[in-house]
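Let's take a walk through a protein model together. Have the picture ready, and turn it around as you read.

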Amino acid sequence: MAELDLRSKYGLNVIAIRRNNNLQTDIGPNLTFDKGDTILVVTDKHDLGL
C-alpha cells in the first residue's frame, strides 16, 4: 500500500479493509490489495473535488 501513496496523492486515509467477509483494521504500509477487497477510507470532501 505504501507504493500507492494514497494519502499524499489523493488525501485518502485507509482505515479498514474487508477481505473474505472479515474486517481488518490493522492497516500497515506492507498491506497489499487483493481482488474483491473493499477498502474504507476517510478524506475531506474537498480532496474529492465535491
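We will start with the overall plan, then follow the strands, stop at one residue, and finish with a pocket.

What you see is a predicted model, so a fair starting point is how confident the predictor was. The mean pLDDT of the chain is 89, and 94% of its residues reach 70 or more. Confidence is lowest in helix 1, at a mean of 86, while strand 2, made of residues 22–24, has the highest value, 96.

Now for the overall plan. The chain contains 1 helix and 3 strands. If you read along the sequence, these elements follow the pattern α-β-β-β. To get a feeling for scale, picture the C-alpha trace spanning about 30 × 20 × 20 Å along its principal axes.

How do the strands go together? Strand 1 is a good place to look, and you can find it at residues 13–19. It pairs with strand 2 in the antiparallel sense, over 3 bridges. One pair to look for is I17, whose bridge partner in strand 2 is Q24. Strand 1 and strand 2 form a hairpin with 2 residues between the strands, and here N20 takes a positive phi near 55°.

Strand 1 has another partner too. It is joined by 5 bridges to strand 3, residues 38–42, and these two strands also run antiparallel. Here you can look for A16, which has L40 as its bridge partner in strand 3. While you have the strands in view, keep a general idea in mind: in a regular strand, side chains alternate between the two faces of the sheet.

Next, stop at R19, which also belongs to strand 1. Which side chain does the side chain of R19 meet in a polar contact? The partner is the side chain of D34, at 3.4 Å. Leaving aside residues up to four places away in sequence, R19 touches Q24, L31, T32, F33, D34 and D37.

Our last stop is empty space. Rolling a probe the size of a water molecule over the atoms shows where such space is left. In this model, the largest pocket holds about 180 Å³. Helix 1 (6–10) and strand 1 are the elements that each give two or more residues to its lining. The lining residues are M1, A2, D5, L6, R7, L12, N13, V14, I27 and P29. Sorted by class, they come to 7 nonpolar, 1 polar and 2 charged residues.

Note on methods: Residues are numbered from 1 along each chain as its sequence is written. This is a predicted model: local features need pLDDT of at least 70, side-chain atom pairs count only at pLDDT 80 or more; totals for chains, interfaces and linings use all residues. Side-chain values use heavy atoms; hydrogens and water are left out. On a 1 Å grid over the protein atoms alone, a cavity is a set of points where a 1.4 Å probe fits but cannot get out, and a pocket is an open set with protein on both sides within 12 Å along at least five of seven lines; lining residues have an atom within 4 Å of a point. Grid points are joined across faces, edges and corners, and a volume is the space filled by probe spheres set on the points. Helices (H or I, at least four residues) and strands (E, at least two) are DSSP runs, numbered from the N terminus. Ala, Val, Leu, Ile, Met, Phe, Trp, Tyr, Cys and Pro count as nonpolar, Asp, Glu, Lys and Arg as charged, and the others, Gly among them, as polar. A polar contact is a pair of N or O atoms within 3.5 Å; within protein, one must be able to donate a hydrogen and the other to accept it, and residues adjacent in sequence count only if both atoms are side-chain atoms. Contact means heavy atoms within 4.5 Å. pLDDT is the predictor's confidence in each residue, from 0 to 100. Two strands pair if DSSP finds at least two bridges between them.
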